[in-house]
Every structure is written in structure tokens, then in C-alpha cells.
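Me: I would like to go through this structure slowly. For each term, I will ask why it applies, and I would like the value set against the definition.

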Amino acid sequence: MARIEDYALIGDCETGALVGWDGSIDWLCLPRFDSQSCFSKLLGDERNGHWLLASKGIGSVKRRYLPETLVLETVVSVASGTARIVDFMPPKESNSIIVRIVEGIDGHVEMNTELMVRFDDGVTVPWVNRLDESSFGLVAGPHMLLLYSETLLSEQDTKIAASFSVSAGRRIRFVLSYQASWLAAPPHAPDADALLSSTEQFWRDWSGRCRETGPFCDAVKRSLITLKALIFEPTGGIVAAATTSLPEQIGGTRNWDYRYCWIRDATLTLLALMGSGYYDEAKAWRDWLVRAVAGSPAQLQIMYGVSGERRLTEWKVPWLAGYEGSRPVRIGNAAHKQLQLDVYGELMDALYQSRCDGLAENGRAWAIERVLLDHLAKIWTEPDHGIWELRGEPRQFTYSKLMAWVAFDRGIKSASEFGMKGEVGEWKELRQIIHRDVCRNGYNADQKSFVQTYGGTELDACLLRMPVVGFLPPDDPRVQSTISAIEQNLLVDGLVRRCGSAPSKHGLSSGEGVFLACSFWLADAYHMAGRNAEAFALLEKLLGLRNDIGLLSEEYAPEPGRLVGNFPQAFSHVALVNTVHRLTQRKRPRTERETGNHSAA
């Protein structure tokens with residue numbers, strides 16, 4: 001089975017596919033990110049669906065994205081010659097399309113292709129219908145895939161296969177398109193070369209709008225292209241990852257569905273987009289947030305579907321063996337029902353930051369924010385499940401209370417700086433009460449650090465964000481001692497685990513990898529504390545963890561040195577962009593300059 005870092009993402013801004021080093025597309029959901037998959041080899045084996053396009057002989061493989069695009073180029077060299085494969089998905093207009101072009105460079109290369117489609121998350125065998133000698137239709141229920149090629153195809157046991165040769169200058173094109181099964185198939189295949197040209201132009205035009213960030217510009221652009229590819233264009237929602245159930249620990253059970261949109265990602269995503277000059281995408285994401293959370297404040301969720309769907313029922317897929325045996329494979333995410341108080345702060349901060357950066361006001365946003373603050377005033381003292389969505393009993397998480405403080409703080413700032421009307425006096429009083437509560441109950445004087453839960457002893461890397469959100473200044477002794485405690489207890493090879501290493505009844509285990517976003521947060525903390533050399537060194541180390549084409553997953557396992565977790569992970573790439581902005585002073589959030597206006601009880 002391919003390693004997670006062996007995959008590349010291609011996408012059309014509504015869904016995405018993962019292409020392996022071996023030329024096999026092993027993951028694809030249609031027609032949206034959160035739809036059922038038709039290629040599920042990633043979480044099972046080849047019988048669960050894949051599309052292979054590779055040389056027959058064993059040779060060397062080099063790959064890259066064409067500059068400033070999401071077009072993947074793989075160059076295969078064997079004893080007899082060299083060929084290149086170009087894989088991409090044109091930005092979606094009506095139907096999702098995958099284009100694969102094989103071109104001979106020198107000599108001749110014998111090639112194989114094998115298409116096995118299994119709809120409904122890798123289980124349903126389609127009816128295969130030959131359209132002509134080089135085209136097939138594959139139908140099951142509401143789904144239809146149409147395969148067009150420029151070589152003779154044969155049906156072999158419900159899969160479609162071909163062997164062919166390319167010599168210098170010869171091009172063979174394959175186009176796989178999806179549509180509803182009740183619609184008539186188009187009479188002709190799409191023009192693959194024209195689609196390649198327009199797709200390259202789309203991505204280069206988009207990338208060309210990125211603000212420069214000095215020596216890190218290429219890394220930032222690649223992360224932003226990845227983030228753009230994870231945007232569901234019709235609504236502006238941004239999925240956390242293109243996959244479900246890639247394990248946080250190989251062979252473990254913490255395998256979650258990340259093909260949804262998290263409120264928690266709101267502020268950092270907005271800052272990454274606005275700081276890079278992508279205000280259209282930032283506005284679309286802001287407007288998605290407002291639509292998704294509209295309604296009863298008591299029903300605020302931590303995540304939603306790409307169109308704002310609320311019911312994300314979780315179930316386990318019995319016929320998929322899991323990535324490297326990591327079971328169960330889950331569809332849906334039961335954490336959407338959890339109470340997580342920090343999302344109130346994330347949402348309020350996101351909407352405040354959008355005002356600071358000049359996004360045109362959303363007419364519904366402030367009314368919704370006031371109602372949410374009224375509700376938060378009643379529930380902020382309740383225990384919750386915390387930022388890491390632990391599935392044990394609710395507890396009093398320090399970070400949750402910290403972000404409740406952020407919610408009222410940003411409400412006050414929106415009112416005072418932008419003329420919004422609200423219960424500012426009440427909010428100021430609550431802000432002060434929460435601040436004192438966190439400093440009294442979330443700080444362990446014996447350990448000289450803020451801790452994960454009130455009265456507890458366990459550390460939590462999310463507390464590195466305390467000075468970033470403006471709760472305490474970076475030179476506060478309690479902040480400095482918390483950074484030191486995290487350095488002493490949560491670092492593995494210079495990278496940051498989320499929590500302590502002891503197995504926990506709440507679901508985190510000693511085998512979990514380091515959390516990449518937390519490691520970027522440590523670089524931010526170093527920078528704010530004036531430890532710039534350490535900040536840049538950690539940033540360089542993190543950039544070195546990207547795969548060969550610049551992609552990151554959620555976590556990294558130092559032993560055996562592999563990316564783990566869902567892939568590619570938006571939160572990791574957003575953290576990369578924001579850390580580069582911070583260290584290069586490209587984008588400095590206003591909250592960093594406003595840490596001295598609240599009492600530090």
C-alpha cells in the first residue's frame with residue numbers, strides 16, 4: 001500500500017482525487033467532496049475501485065505540479081524510454097472530469113491502464129456498457145461514469161483495461177467524466193488538450209494574485225493552491241481534508257471523516273486568505289459561515305457539510321479494511337453533536353477580522369453574533385468536549401474558556417471600532433470574569449504552566465495560542481513558563497504533540513504523531529517572544545516534512561518518519577501560510593497589538 005505522502009491531489013474545486021506515485025488514482029468521491037467514493041483503494045484494496053495508468057517495466061519516477069497549478073506531471077523512465085503522464089481535473093462547470101494524458105518523450109514505453117469502478121464507497125459493481133472500441137459507460141443507480149480513450153479498450157471481469165505503447169511525440173488521451181445516469185451520454189469526448197490549456201491558465205491566473213512572501217513564496221503558493229482546491233466553489237465552504245479515515249496512528253482507531261467544514265478553522269483560514277490577497281475566497285468563506293450558523297444559537301455546531309448541512313451521521317463501513325488495517329473506516333462525524341465552546345470565539349474572531357480587513361459587511365452577521373453572545377453568556381461555565389473533540393465525558397477545558405473570552409472581546413471590539421450596537425457593558429463584565437476564571441483555574445502554579453483542564457496537570461499545545469489571540473501578552477511570565485513546559489514535555493524531535501504521551505481514557509494515545517498545526521503555533525510563539533532564530537529554524541524543519549510536491553497531512557509520525565492523518569489537511573496548510581506571514585511581517589493580526597487592555601488576574 002502506498003504511503004500517505006506518496007499521493008498527490010488533483011481537483012476541480014468541488015471534489016478531489018488522490019493519485020499515487022505508482023500512477024493509480026486510489027480515492028475519488030463524486031460529485032462532491034463528501035459524496036460516496038467510487039475509487040476506494042486508499043481504504044481497502046484494488047477491488048474497492050481504482051484507476052491505474054503506469055508503465056509495464058520497473059524504472060524511475062519523478063513528479064511535480066506544473067508551476068503554480070494543480071496539474072500533476074509524472075515522468076516515468078524505463079530501460080526502453082521515457083514518458084510523461086499529465087493528470088488533472090478541469091475546474092468544474094457542469095460535470096466532474098478527470099483527464100490523463102500519456103506522452104512519449106524518447107524511445108518507447110509500454111503502458112498499462114486498468115479502470116475498476118466501485119460506487120457507494122467501494123462496494124457497488126456497475127453495469128459496464130461498451131459505447132465503441134475505445135469508450136465505455138459504467139452505470140449503477142444514479143451514477144454514470146464515461147470513459148473515453150484514444151486506444152483500444154477491453155472489458156475484463158467488470159474492469160476496463162488496455163495495453164499500449166508510446167514513442168517520442170505520441171500522445172494518448174483518457175477522459176473520465178461523471179454525470180447523472182438518466183442523462184444521455186455526450187456524442188463526443190471532451191477536448192483533452194483544450195481542457196489542459198484552460199486548466200493551466202485558470203490556476204496560473206489564480207496563483208498570480210498571491211502576495212509575495214520572500215524566500216517562502218513557493219511554499220505559500222503551494223499551500224494556497226491546496227487550500228483553493230479544498231474550497232467547495234458553489235458555497236465557499238472549505239473542507240478540512242479531501243479524505244476520511246486516514247489514521248492518526250497507523251493501525252489505530254482514531255480514523256475520522258474530515259470532508260466537512262469546521263467553524264474552528266474560520267479565523268485562521270480568513271487570515272491566510274486575506275493576508276495573501278484572496279479577498280473573494282475570504283468573503284465567500286465568511287458568508288458560508290454566516291449562513292451555516294444562522295438559526296437557534298443553542299444549535300450551533302462545530303462542523304457542517306459543504307452546503308451547510310447539519311446532519312452528519314457517523315457510521316462504520318464494514319467492507320473496507322482500512323488504511324494499512326486501520327479500522328474502522330468511518331463515514332460521517334459524530335463530533336458534530338458535541339458542545340465545544342471554543343467555536344464561539346473562533347466565529348466571533350473570524351467576523352471581527354473580516355471587518356478589520358475591509359470585507360463588505362454581511363447584513364445578517366452582527367444580528368447573529370449578538371444572539372450567539374447572549375447564549376454563550378448562559379453556557380460558558382459548562383463543561384465541553386474541547387478543541388480535540390475527545391469522546392469521553394465533558395470537562396472544563398482551559399482553551400474553551402479562553403476562546404469564550406475571545407468571543408466577548410471580539411464582540412466589544414466590533415462594537416467600539418465599527419459602530420455595532422450591542423450590550424457592551426455586559427460583555428465587558430463577562431470578559432473580565434472569564435479572564436480571572438481562566439487565570440485562577442487554568443494555571444497550575446506548581447507546574448508554572450497553563451494546563452489542559454481546570455485543576456488538571458496535563459499540558460495542551462493549543463495554549464500556545466494564548467498570546468496570539470490577545471489573552472495575555474507574549475512576555476507575561478505565565479505565557480513564557482507555559483511555552484517552556486510545552487518544550488520540555490510535548491516536543492518530539494523538536495515537533496509538538498497535542499497533549500501528553502500517556503494513554504488517555506478520553507481517546508488520545510501515546511502512539512499519536514506530532515500535530516503539525518501545533519508545531520507551527522510554537523514557531524509563532526517563538527516569534528512573538530522574540531526568539532526569531534528558533535522560529536525560523538522550526539519553520540524550515542516543518543517545510544521539510546512536506547511531501548515531494550509540497551503537501552502536508554494532519555500529523556507526522558517521527559518514528560517511522562511518515563505523514564499520518566487525513567490528507568491533504570487544510571489546517572496544516574493554513575497554519576503554514578499564517579506562520580510565514582507572521583515571521584515575514586506580511587500579515588500581523590490586530591489582536592497581537594491589543595494585549596494590554598485587559599486585566600491579568
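**Terms and values**

Me: Which residue in E14 is the bridge partner of Glu114?
Reply: In E14 that partner is Ala161. The model is a predicted one, in which local features need pLDDT of at least 70 and side-chain atom pairs count only at pLDDT 80 or more, while totals for chains, interfaces and linings use all residues. Residues are numbered from 1 along each chain as its sequence is written, and side-chain values use heavy atoms, with hydrogens and water left out.

Me: Why are E9 and strand E14 said to pair?
Reply: Two strands pair if DSSP finds at least two bridges between them. E9 and E14 (residues 159–167) have eight bridges, so they meet that condition, and their sense is antiparallel.

Me: Which other strands pair with E9, and over how many bridges?
Reply: Strand E5 (residues 50–55) runs antiparallel to E9 and is joined to E9 by six bridges; in that pair, Ala54 faces Asn112. Strand E8 (residues 81–88) has eight bridges to E9, again antiparallel, and Val86 is opposite Ile101 of E9. Strand E15 (residues 171–180) pairs with E9 over seven bridges in the antiparallel sense, with Glu103 opposite Arg171 of E15.

Me: What holds paired strands together?
Reply: Strands of a sheet pair through backbone hydrogen bonds, either parallel or antiparallel.

Me: What makes strand E9 mostly covered?
Reply: Buried residues make up 14 of the 20 in E9 (residues 97–116). A residue is buried under 20% relative accessible area, exposed over 50%, and partly exposed in between (1.4 Å probe, protein chains only).

Me: How do you know which strands stand at the edges of the sheet E26-E27-E28?
Reply: The three strands form an open sheet in that order, with antiparallel pairing. Strand E26 (514–515) and strand E28 (562–564) each have a single partner strand, so one side of each lacks a neighbour in the sheet. E26 is joined to strand E27 (residues 555–557) by two bridges in the antiparallel sense, and Phe515 is opposite Glu555 in E27.

Me: Why is Asp121 called buried?
Reply: Its relative accessible area is 2%, and the cut-off is under 20%, so Asp121 is buried. Asp121 belongs to helix H1 (residues 119–122). Its phi is positive, about 60°, although Asp121 is not a glycine.

Me: Is Glu68 buried, partly exposed or exposed, and what decides it?
Reply: Glu68 has a relative accessible area of 31%, which falls between the two cut-offs, so Glu68 is partly exposed. Glu68 sits in the loop between strand E6 (60–65) and strand E7 (72–78), and its phi is near 60°, a positive value in a residue other than glycine.

Me: How do you know that Ser245 is buried, and what does it touch?
Reply: The relative accessible area of Ser245 is 0%, under the cut-off, so Ser245 is buried. The loop that holds Ser245 runs between strand E17 (237–238) and strand E18 (261–262). Leaving out residues up to four places away in sequence, Ser245 touches residues including Leu43, Trp256, Arg330 and Asn566, where contact means heavy atoms within 4.5 Å. The C-alpha atoms of Ser245 and Arg211 are 35 Å apart, with their positions 34 residues apart along the chain.

Me: Where are the cis peptide bonds before Pro31 and Pro568?
Reply: The bond from Leu30 to Pro31 has omega near 5°, and Pro31 is in the loop between strand E3 (24–29) and strand E4 (37–39). The bond joining Phe567 and Pro568 has omega of about -20°, and Pro568 is in the loop between E28 and helix H13 (570–584).

Me: How many helices and strands does the chain have, and why is it called as compact as a globular protein of its length?
Reply: The chain has 13 helices and 28 strands. Its radius of gyration is 25 Å, close to the 25 Å that the globule rule gives for 601 residues, so the description fits. That radius is taken over C-alpha atoms, and the rule is 2.2 Å times the number of residues to the power 0.38. Helices (H or I, at least four residues) and strands (E, at least two) are DSSP runs numbered from the N terminus.

Me: What share of the chain is buried?
Reply: Of the 601 residues, 64% are buried.
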